[in-house]
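Please look at the sequence and the structure below before reading on. The report takes its topics one at a time and explains each term where it is needed.

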Amino acid sequence: MKNMSQVDDTYYMKEALRLAEKGRYSASPNPAVGCLIVKDRKVIGSGFHRRAGGPHAEIEAINSATESCEHATAYITLEPCSHLGKTGPCCEELIAERFSRVVYAVMDPNKNVTGKGHRMLRQAGIEVLSGVCDVAARELNKGFFKRMESNFPYITVKIAMSLDGVTALKNGESKWITCLESRNDVQRLRAESCAILTGIGTVLDDDPFLNVRSPNFDTLGRQPMRVVLDSKLRVPRGSRLFAGPGVKRVYTANDDPSLVEELSDAGAIVCLAPKCDKGVDVLAVLQELSKLEINKVLVEAGATLVGELIDKKIFDEIIVYMAPKILGKEGRRGFNMVSPDKLSEAFSLNLVESYNVGTDIAMRFLR
């Protein structure tokens, strides 16, 4: 086998990451993983993880190989698994196929297995290299990494507003402040999320579907869980969020049997949650969602819930779609928060990305 250089390793790992991207919308709650098999600087196999319970990227790549994998190098965007889950351990397959080298981007963040795949391969006499394109690999699966490392999902708050910060008119009308292209971009955010979180106010005002309806994002039929915070169980039984496939959960502080039964009949899973001053304890709900293997939560809610998340610093990023419109002082604002007494006390964010989308501007801020 010809010696591989550091430049080669980076090039092929970037190709493996491009493969992993194909599972961005469908692999949840598993991470999106890609695998490229290279022999004598020729790609002989490739694959990616399509959905939970299906073959892992390594197995897809091995099955696609055009020749023997003996003495080949496998480029994998995540440490190969060494444990038996819904599928067999990938490390055993790599060893059985007599790979001479395995290069992976980043260690598995699962504390129960991290490093085990690496050691298993080394003990079998396979050369192992880690850390190639690790930053990009973590970014691709930031929700999975956060849940594994902190037992808490990655929280993205989405806001659509006018140039003067209005998210709805005084009468509640909000369709549509932003352009069609922005709304299509939100479909992308939904497709890559495990759950969409909203409050009862948004349900009553907008009657949203909160699902993925665009054919541009291949979720393989997977829909994000729709989650509503509704302390008094006021969700209308005919709400559009109950339409179509996917899990719908309503978290409440009201255990009225008749109301619970009505919502259950409408298709919701009704869950009692701890109370707080503003109704349902959102922190407790998010912790519960993490236990349900929810990696990424997209928040599409009104000013009260958004303000609470920001006040309590229970978010990772905010994405703002800003339309070139001015709607005036009587419009509803996107953030219901107490104003600071000094500018130095203002809540500051870090702008990490901005781009044009149709006639609007999208901006991504990190906490």
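What follows is a walk from a central strand to empty spaces, a helix, and some local details of the backbone.

The model is predicted, and local features are described only where pLDDT is at least 70 and side-chain atom pairs only at pLDDT 80 or more, whereas totals for chains, interfaces and linings use all residues. Residues are numbered from 1 along each chain as its sequence is written, and side-chain values use heavy atoms, with hydrogens and water left out.

**Strand β8 and its partners**

Helices (H or I, at least four residues) and strands (E, at least two) are DSSP runs, numbered from the N terminus. A residue is called buried under 20% relative accessible area, exposed over 50% and partly exposed in between, with a 1.4 Å probe and protein chains only. Strand β8 covers residues 195-199, and because five of its five residues are buried, this strand is largely enclosed by the rest of the structure. In a regular strand the side chains alternate between the two faces of the sheet. In β8, Ala195, Leu197 and Gly199 point one way while Ile196 and Thr198 point the other way, and all are buried.

Two strands pair if DSSP finds at least two bridges between them. Strand β8 runs parallel to β9 (residues 225-229), to which five bridges join it, and Leu197 has Val227 of β9 as its bridge partner. On the way from β8 to β9 the chain passes through α8, and this β-α-β crossover is right-handed, meaning that, with the strands pointing away from the viewer, the path from the first strand over the helix to the second runs clockwise. With β14, β8 also pairs in the parallel sense, over three bridges, and Ala195 stands opposite Val297 of that strand.

**Empty space: a pocket and a cavity**

Rolling a probe the size of a water molecule over the atoms shows where empty space is left. On a 1 Å grid over the protein atoms alone, a cavity is a set of points where a 1.4 Å probe fits but cannot get out, while a pocket is an open set with protein on both sides within 12 Å along at least five of seven lines, and lining residues have an atom within 4 Å of a point. Grid points are joined across faces, edges and corners, and a volume is the space filled by probe spheres set on the points.

The largest pocket holds about 1,200 Å³ of space. Its lining is made of 49 residues, and those nearest the centre of the pocket are Thr202, Asp206, Glu300, Ala301 and Gly302. Among the elements that each supply at least two lining residues are β6, α8 and α11, but the largest share, seven residues, comes from α7. For the classes, Ala, Val, Leu, Ile, Met, Phe, Trp, Tyr, Cys and Pro count as nonpolar, Asp, Glu, Lys and Arg as charged, and the others, Gly among them, as polar. The pocket lining divides into 17 nonpolar, 15 polar and 17 charged residues.

There is one cavity of 30 Å³ or more, and the largest cavity has a volume of about 40 Å³. Its lining residues include Thr156, Leu189, Lys296, Val297 and Glu317, and β14 gives the largest share, three residues. By class, this lining has three nonpolar, two polar and three charged residues.

**Helix α6 and its cover**

In helix α6 (residues 142-150), the buried residues are Lys142, Gly143, Phe144, Phe145, Arg147 and Met148. Contact means heavy atoms within 4.5 Å, and what covers these buried residues includes α5, β6, α10, β14, β15 and β18.

**Local details of the backbone**

Most residues other than glycine have a negative phi, and most peptide bonds are trans. The table gathers three residues with a positive phi.

| Residue | Phi | Place |
|---|---|---|
| Asp40 | about 50 degrees | loop between β1 and β2 |
| Arg98 | about 65 degrees | loop between α3 and β4 |
| Asn151 | about 55 degrees | just after α6 |

Asp40 counts as partly exposed because its relative accessibility is 40%, whereas Arg98 is exposed, with a relative accessible area of 53%. The peptide bond from Ser28 to Pro29 is cis, with omega near 5 degrees, and Pro29 lies in the loop between α1 and β1.
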